[in-house]
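Student: I've got a model open and some questions about its side chains. Can we go through them one by one?

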Amino acid sequence: MDLLHSGLAALQQRLSFVATDPIDWKSFVQFSSWIVTLFESYLLVRQYPLYSKTSPPKVLEKYFDEEVFRKSQNYGKDKAKFSLVTGLLKQILDSTLIYCGFYAWAWDSAGKIIGYFGYESEYEITQSLAFSAILFVASSIPSIPISAYATFVLEEKHGFNKTTPSLFVSDLLKGWILAFVIGGPFLSAFLYVFKWAGDRFVPWLMAFLLLFQITMVIIYPTLIQPLFNKLSPLPDGELRTRTEALASKLKFPLKHLYEIDGSKRSSHSNAYFFGLPWSKHIVIFDTLIKESKPAEVEAVLAHELGHWYHLHPTKLLCISQVHIFTILALFPAFLHAPQFLRSFDFSDKVAAYPPTIVAFLLFQMILTPLEAFVGIGLNFISRRFEWEADRFACELQDRLKDVEMKDMGDRLGRALIALHVKNLSTVWVDWLYSAYHHSHPTLVERLKAMEGFRARKDVRIKKEL
């Protein structure tokens, strides 16, 4: 532990310029955030012409009829235009708030609010909670009409929306309540660990965040998700039999098998698993069950179990811990830099003893361009995992010595194509746009990769003969 702290101390020495050099951090944030936004807009401009193509890639021509492909292209166009406009509007709003010194005003206002209830400025955690509440309300106000438009105009236009106005409002209120019920105690504990651990907060805070993640894995399916969706045991039948048999053969610790009423809000489809290492739950959207044959749903689940078999969730958790460690290791240099806060219009009194929540929020803004590159790297890793899970499904026959799994790769391919057709997913994708935005390979890439798996398998069999 001493070696860790000495290394962190050496890093802070290298970052001492943050507290001493006259850097205009506000201008840096404005410039870098606009660079990221304009780059994302450029990617949309690169992608947009592909929505004018009149036919799908050759490998998909027999699956997309002319009408379905036209709808898919129009859906992609509308989503691209929506993303372009909302992205620019969000950036304009964020830039305006920074330019006007909104965050300094919000902190001062939070102090006045707690002062009204008899608390002074030394109650930093209490003031931080009030500050966060102000930011939450301020960010929610413009997001409501954007979310409403996406749901009741964009999704409705293309036949996906199933959300009623009353359900929309209900989800909104539930989300707000959860944000305060869970977010308030989480933030209080987060800041308490900072204060308690002092300059040696990094390992303690990482342990706290890991504990919180594990806790959320436990309580989300039992306490949170039922507030929004109904999870029902998957009825007896071919799909349940197939799923339980597959889980048993792979020794997957399946505890519950659920059907979720995804059609309550949207006609999009999905399936996933969650839980602790010794107790897993599989959830299948009712839309997927209705739109696909049991054998094809089984193939989708085989892909998901490939993620479990190759420990992808655990690997991603480890990667996220490295990411969090890097952020926390860099943060103290900004926490102990009064001029950093003064750059964002905070008073000398506040900047002299920077509030943790404020310094951390502004520090996150500084990281915006770096996080864009991190996102590309994480997408690359995620796509590698998706290919690995696809290969797992294609090679199940060899793993389980079960002839019934022989066509699992073909079934998975048909299921992926059906999902893309039903969801009107984009099939023409610019490579750079995909690298930045997509955590999954494109459909064409996945189909070609699965064909390659089968071809290599055939070659191997011929050699054995």
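Student: Is Asp236 buried or exposed?
Tutor: Keep in mind that this is a predicted model. The relative accessible area of Asp236 comes to 73%. Exposed begins over 50%, so Asp236 is exposed.

Student: Which residue does Asp236 form a salt bridge with?
Tutor: Side chains of opposite charge can pair when their charged atoms come close. Here the closest N and O atoms are 3.9 Å apart, and the cut-off is 4 Å. The partner has 18% relative accessibility and counts as buried. That partner of Asp236 is Arg240.

Student: Which residues are joined into one network by salt bridges that share partners?
Tutor: Look for salt bridges with partners in common. Following them gives one network, made of Glu238, Arg242, Glu298, Asp407 and Arg411.

Student: How many salt bridges does the structure hold?
Tutor: One of them is the contact between Asp236 and Arg240. For the structure, the number of salt bridges is 17.

Student: How many residues apart are Lys157 and Asp78?
Tutor: Their side chains meet in a salt bridge, 2.8 Å from N to O. Lys157 belongs to helix α6 (residues 124-157) and Asp78 to helix α4 (residues 66-99), so this pair links distant parts of the chain. The separation is 79 residues.

Student: Of those two, is Asp78 buried or exposed?
Tutor: Lys157 has 60% relative accessibility and counts as exposed. Asp78 has a relative accessible area of 13%. With the buried cut-off at under 20%, Asp78 is buried.

Student: Which helix holds Lys195, the salt-bridge partner of Glu124?
Tutor: The side chains of Glu124 and Lys195 meet at 2.9 Å, N to O. Glu124 lies in helix α6, so the pair ties together parts 71 residues apart in sequence. Glu124 is buried at 17% relative accessibility, while Lys195 is partly exposed at 44%. Lys195 lies in helix α7 (residues 165-197).

Student: Over which ring does the charged end of Lys53 sit?
Tutor: The charged end is 4.5 Å from the centre of that ring. There is also a case with Lys174, whose charged end sits over the ring of Phe228 at 5.9 Å from its centre. For Lys53, the ring belongs to Trp428.

Student: How many aromatic pairs does a search of the whole structure find?
Tutor: The search covers the whole structure. Its count of aromatic pairs is 36.

Student: What is the angle between the planes of Tyr48 and Tyr51?
Tutor: Tyr48 and Tyr51 form an aromatic pair, 6.2 Å centre to centre. Tyr48 is partly exposed at 29% relative accessibility, whereas Tyr51 is buried at 7%. The pair is edge-to-face, with the planes at 80°.

Student: How far apart, centre to centre, are the rings of Phe102 and Tyr103?
Tutor: This aromatic pair is edge-to-face, with 80° between the planes. Phe102 is buried at 15% relative accessibility, and Tyr103 is buried at 12%. Centre to centre, the distance is 5.6 Å.

Student: What accessible area do Ile113, Tyr116, Phe117, Tyr119 and Tyr123 have together?
Tutor: These residues form a nonpolar patch on the surface. Ile113 lies in helix α5 (residues 102-116) and counts as partly exposed at 39% relative accessibility. Together, the patch has an accessible area of about 610 Å².

Student: How far apart in space are Ala106 and Ala133, C-alpha to C-alpha?
Tutor: Ala106 also has its place in helix α5, and Ala106 is buried with a relative accessible area of 0%. Ala106 and Ala133 are 27 residues apart in sequence. In space, their C-alpha atoms are 9.6 Å apart.

Student: And how far apart in space are Phe252 and Tyr75?
Tutor: Phe252 lies in the loop between α9 (238-250) and β2 (254-260), and Phe252 is buried at 5% relative accessibility. In sequence, Phe252 and Tyr75 are 177 residues apart. C-alpha to C-alpha, the distance is 38 Å.

Student: Where is confidence lowest in the protein?
Tutor: The mean pLDDT of the protein is 90, and 98% of its residues reach 70 or more. Confidence is highest in helix α3 (residues 25-47), at 96. Where pLDDT is low, the predicted coordinates should not be read in detail. The lowest confidence, a mean of 78, is in helix α1 (residues 2-14).

Key. Residues numbered from 1 in each chain as written. Heavy atoms only, no water. Phe/Tyr/Trp six-rings, centres within 6.5 Å; stacked < 30°, edge-to-face > 60°. Buried < 20%, exposed > 50% of the residue type's maximum accessible area, 1.4 Å probe, protein only. Lys NZ or Arg CZ within 6 Å of the ring centre and 35° of its normal. Helix = DSSP H or I, 4+ residues; strand = E, 2+ residues; numbered from the N terminus. Patch = residues over 30% accessible without salt bridge, like charges linked within 9 Å, V, L, I, M, F, W, Y side chains within 5 Å. Areas by Shrake-Rupley, 256 points an atom, 1.4 Å probe, with all protein chains shown as cover. pLDDT = per-residue confidence, 0-100.
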